[in-house]
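Biologist: I am new to this one and would like to know what stands behind each label. Could you show it to me, and then take my questions in turn?

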Amino acid sequence: MGLDAFVYCNCFETGKLLSPPRADFDVSVSDEGGLECGSRDLDTQIAFDAWRSLEACEHEDGKLLQHRIGNLSLVGRLRQELNRRHEDFPVILTKVISSGSHCGDFLAMDDIRQLQLEVPRLKNFPCSDEESQALLDRFHDQLVELIECAAVINKPIVF
Ligand SMILES: [Zn+2]
């Protein structure tokens, strides 16, 4: 259990696939930025997942960048610190570290723009101890990288 954040690659859209999709895959890009196979047939979905995760392109599972934000207790600790100034971190607190293990949701461009305003505030945030400060610095750097990556290829940040 824990929280991961990632950005899907755009190898499909930019023609950089290493292995073409099978002819029966009707490939499309989902709202999250990942690929879908366009089939409800379980065998087709399994074959698609195998292709997607290991063969389609150089990125494992089609992820361009992935960060482990942390386990439940670490995320809880970040929440506890930032909650002291919750008005400064609306997106971070409600959509990034809203819980230690939310998954399947994502930040679209509007949210990412708001996140960009909040991230610099992490830099000068007065934590209650040095260990939390180090965790927060790492969290800051992870968010900066995720935002940059999402901006470059114009895709959401997914959890
Ligand atoms: Zn890729």
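Modeller: One term comes first: a helix is a DSSP run of H or I with at least four residues, and helices are numbered from the N terminus. Asp 49 is found in such a run, helix α1, which covers residues 42-55. Please keep in mind that this is a predicted model.

Biologist: How many helices and strands does the chain have?

Modeller: The chain has five helices and six strands. Read along the sequence, their pattern is β-β-β-α-β-α-α-β-α-α-β. The C-alpha atoms fill a box of roughly 55 × 30 × 20 Å along the principal axes, and 43% of the 159 residues count as buried.

Biologist: Back to Asp 49: why is this residue called partly exposed?

Modeller: Its relative accessible area is 48%. Partly exposed is the class between the 20% and 50% limits, so Asp 49 belongs there. In space, the C-alpha atom of Asp 49 is 9.0 Å from that of Glu 36, with their positions 13 residues apart in sequence.

Biologist: What makes the arrangement around the zinc ion tetrahedral?

Modeller: The zinc ion is coordinated by Cys 9 (SG), Cys 11 (SG), Cys 57 (SG) and His 59 (ND1), at 2.1 to 2.3 Å. A donor to zinc has to lie within 2.8 Å, so these distances qualify. The four donor atoms subtend angles of 104 to 115 degrees. The label requires all angles to lie between 85 and 135 degrees, and therefore the arrangement is tetrahedral. For reference, the ideal angle for four tetrahedral donors is 109.5 degrees. Along the chain, the donors follow the spacing C-x1-C-x45-C-x1-H.

Biologist: Are Cys 57 and His 59 buried or exposed?

Modeller: Cys 57 has a relative accessible area of 6%, and His 59 is at 16%. Buried means under 20%, so the label fits Cys 57 and also His 59.

Biologist: What makes Asp 4 and Arg 68 a salt bridge?

Modeller: Their side chains meet at 3.1 Å, N to O. The limit is 4 Å between a side-chain nitrogen of Lys or Arg and a carboxyl oxygen of Asp or Glu, so the pair counts. The two residues come from distant parts of the chain: Asp 4 is in strand β1 (residues 3-8) and Arg 68 in strand β4, 64 residues apart. By this rule there are eight salt bridges.

Biologist: Which side chain does Asp 129 meet in a salt bridge?

Modeller: Asp 129 meets Arg 77, at 3.3 Å from N to O. Asp 129 lies in the loop between α4 and α5 and Arg 77 in helix α2, so the pair ties together parts 52 residues apart in sequence. Arg 77 and Asp 129 also belong, with Glu 131, to a network of salt bridges.

Biologist: Where do Asp 111 and Lys 95 lie?

Modeller: These two side chains form a salt bridge as well, at 3.1 Å from N to O. Asp 111 lies in helix α4 and Lys 95 in helix α3, so parts that are 16 residues apart in sequence are tied together. Asp 111 counts as buried at 17% relative accessibility, whereas Lys 95 is partly exposed at 35%.

Biologist: How do you know that Glu 118 has no salt bridge?

Modeller: The nearest side chain of opposite charge is that of Arg 121, 5.3 Å away. The limit is 4 Å, so no salt bridge is counted for Glu 118, although this residue is buried. Glu 118 is in helix α4, residues 109-123.

Biologist: What does the side chain of Glu 118 reach?

Modeller: It reaches the backbone nitrogen of Val 91, at 2.8 Å. Leaving out residues up to four places away in sequence, Glu 118 touches Asp 88, Phe 89, Pro 90, Val 91 and Ile 92. Asp 88 is in the loop between α2 (72-82) and α3 (90-96), and with the same exclusion Asp 88 touches Glu 118 and Arg 121.

Biologist: Why is Asn 154 called exposed?

Modeller: Its relative accessible area is 56%. Exposed means over 50%, so the label applies to Asn 154. Asn 154 sits in the loop between α5 (130-153) and β6 (157-158), and has a positive phi of about 60 degrees although it is not a glycine.

Methods: Residues are numbered from 1 along each chain as its sequence is written. This is a predicted model: local features need pLDDT of at least 70, side-chain atom pairs count only at pLDDT 80 or more; totals for chains, interfaces and linings use all residues. Side-chain values use heavy atoms; hydrogens and water are left out. Buried means under 20% relative accessible area, exposed over 50%, partly exposed in between (1.4 Å probe, protein chains only). Lys and Arg count as positive and Asp and Glu as negative; His and the chain ends are not counted. A polar contact is a pair of N or O atoms within 3.5 Å; within protein, one must be able to donate a hydrogen and the other to accept it, and residues adjacent in sequence count only if both atoms are side-chain atoms. Contact means heavy atoms within 4.5 Å. Donors are N, O and S atoms within 2.8 Å of the metal (3.2 Å for Na, K and Ca); water is not among the atoms, so sites may look incomplete. Four donors count as tetrahedral if all angles lie between 85 and 135 degrees; four count as square planar and six as octahedral if opposite donors are over 155 degrees apart and all others between 65 and 115; anything else is irregular.
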